[in-house]
Amino acid sequence: MAHGPKPGFTRWLYTTNHKDIGSMYLWFSFAMFLLGGCMALVIRAELFQPGLQIVQPEFFNQMTTMHGLIMVFGAVMPAFVGLANWMVPMMIGAPDMALPRMNNWSFWILPFAFAMLTSTLFMEGGAPNFGWTFYAPLSTEYAPPSVTFFIFAVHIMGASSIMGAINIVATILNMRAPGMTLMKMPLFVWTWLITAYLLIAVMPVLAGVVTMMLMDIHFGTSFFSAAGGGDPVLFQHVFWFFGHPEVYIMILPAFGIVSAIIPTFARKPLFGYSSMVYATASIAFLSFIVWAHHMFTVGMPIAGELFFMYATMLIAVPTGVKVFNWVSTMFRGSMTFETPMLFSIAFVILFTLGGFSGLMLAIAPADFQYHDTYFVVAHFHYVLVPGAIFSITAGVYYWLPKWTGNMYNETMGKVHFWMAFVGLNVTFFPMHFVGLAGMPRRIPDYALQFADFNQIASVGAFLFGAAQIVFLFNVIRTVQGGKKATDEVWENPEGLEWSVPSPAPYHTFSTPPVVR
């Protein structure tokens, strides 16, 4: 009986090959990215001028909810899992993931989860309209009937994430090449190992909170209903105990990607490898003890406010270590500025900017003013768009020659970068100003004084959206063919001679030599 890939669609349905599954995760996440992006453009089109133009307030709320859920659970997380599937086995010299059949299963349940989530748009009462954080009682007592399908979809996504994380931990701990100790692993592998532990720890908390919602809606319990002796604030505590580590789940693998790319294009080894590992672990640990900084306005005791304020500020220390190490790696390096490096440098600068506004939000008395304004929207988009989206994009450009054997179009890559970079800043920088001036988020109408900045932000959003079409075209062209990539594709771009010796070959793709 002949073995090998099955023909056509069956091959993808039954595959246990980590590369195939990684590719499916990446294509799926890009489809979700475009869907969630279109929802964001509906929001920005409505906010182009004051008054109600395009959509009803109810549909506007559905768009904000679905945009957040699809971007977090459908675009960013599957993209990082796809990169992990592709690269982790190759980086540690493993033949495949430890649990290949579970790997297939954890991918294939995702399209059904998101089909169910998006189908709520066509149900009676409409899609979930209570924000991506689905605070009770909005999401329990006042929710549309489709909330039950939303809960089921979240359970399926969570199961997928837990299975993927178990697979990554098992692969990294058990299948490294002989001689590869933990402290010799590429940083992308380290960041994913730590991220996987975070996922295993917090996804059951999300499962718990949506199950409590389900019980409140259908089975007469009162976890979050004050009338029955429950507490709506309990929902916020349980949700953010999941939600804050979740934010770091979306950023830690990005640190690993950027830590692979910057040394390549600076032609220097990464500065302070071990401090990067310890900083990553510190961030992961601290992410568990800062959840209530999302809740300064619920009326917690002053001691609680002080604790969460100082703990949140403390996260700036290991994050600062990372930024210092990236800048030190670039310092006096023989840098070239290919597309992956441009996205990585933008990542370092803009992620740091988002971190500074996060420090402002960490100050409890100031947060009373900023809470639920567009300043918060500006902050987390400056962390997540350059943090997660730019790093995923950089990783795709960086490893695409390895995946396809073809070189992408560098000019088109640079056009994509500059459109995305300008679009991002034009969209989200003005939001700092309207937020500080008091514009509330998640509202389809606003006062006249906010009109100019909102118009600018909407133009930037459509520019950012157009940039992704350039990206899609470039990737499809590269997959189909083009200039062949050499083994040392990033060793010596442009054929230039360097006085600084190139890094060892495994820095090229962060792939160590496999010991046979």
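These legends describe close-up views of a predicted model.

**View 1. The second largest pocket, with residues from two domains in its lining.**
This pocket has a volume of about 500 Å³. Its lining counts 24 residues. Nearest the centre lie L26, W27, V396, W403 and V475. Four elements give two or more residues to this lining: α2 (18–46), α3 (57–92), α14 (374–404) and α16 (451–480). Helix α2 supplies the largest share, eight residues. Sorted by class, the lining holds 17 nonpolar, five polar and two charged residues. Domain 1 (15–239) and domain 2 (251–507) each provide at least three of the lining residues.

**View 2. The largest cavity, lined by 16 residues.**
The count of cavities of 30 Å³ or more comes to one. The largest cavity holds about 160 Å³ of space. Look for M77, P78, V81, S160 and S161, which lie nearest its centre. Helices α3, α5 (147–174) and α6 (187–218) each supply at least two lining residues. Which classes make up the lining of the largest cavity? There are 13 nonpolar residues, three polar ones and no charged ones.

**View 3. The largest nonpolar core, a set of 166 residues.**
In soluble globular proteins, nonpolar side chains tend to be buried together. Within this core, six residues touch the most other members: F73, F114, F134, F150, W326 and W399. Helix α3 gives the most to the core, with 22 residues. Both domain 1 (15–239) and domain 2 (251–507) contribute at least three residues each. A second core, separate from this one, has five residues. Among them are L361, A366, Y370 and F375.

**View 4. H432 and the residues in contact with it.**
H432 sits in helix α15 (residues 410–436). Is H432 buried or exposed? Its relative accessible area is 9%, so H432 counts as buried, the cut-off being under 20%. Now set aside the neighbours within four places in sequence. H432 is then in contact with S357, F375, A378, H379 and Y382. One of these, F375, also belongs to the second, separate nonpolar core of five residues.

**View 5. The cis peptide bond between A136 and P137.**
Most peptide bonds are trans. The bond joining A136 and P137 is cis, with an omega of about 0 degrees. Where does P137 lie? P137 is in the loop between α4 (100–119) and α5.

**View 6. R267, with a positive phi.**
Most residues other than glycine have a negative phi. R267 is not a glycine, yet its phi is positive, about 55 degrees. R267 lies in the loop between α8 (252–266) and α9 (273–286). Its relative accessibility is 2%, so R267 counts as buried.

**View 7. R442, a loop residue with a positive phi.**
R442 is not a glycine, but it has a positive phi of about 60 degrees. The loop that holds R442 runs between α15 and α16. How is R442 classed by accessibility? R442 counts as partly exposed because its relative accessibility is 27%, and partly exposed covers values between the 20% and 50% cut-offs.

Note on methods. Residues are numbered from 1 along each chain as its sequence is written. This is a predicted model: local features need pLDDT of at least 70, side-chain atom pairs count only at pLDDT 80 or more; totals for chains, interfaces and linings use all residues. Side-chain values use heavy atoms; hydrogens and water are left out. On a 1 Å grid over the protein atoms alone, a cavity is a set of points where a 1.4 Å probe fits but cannot get out, and a pocket is an open set with protein on both sides within 12 Å along at least five of seven lines; lining residues have an atom within 4 Å of a point. Grid points are joined across faces, edges and corners, and a volume is the space filled by probe spheres set on the points. Ala, Val, Leu, Ile, Met, Phe, Trp, Tyr, Cys and Pro count as nonpolar, Asp, Glu, Lys and Arg as charged, and the others, Gly among them, as polar. Domain bounds come from an automatic or database domain assignment. A nonpolar core is a set of buried Ala, Val, Leu, Ile, Met, Phe, Trp, Tyr and Cys residues joined through side-chain atoms within 4.5 Å. Buried means under 20% relative accessible area, exposed over 50%, partly exposed in between (1.4 Å probe, protein chains only). Contact means heavy atoms within 4.5 Å.
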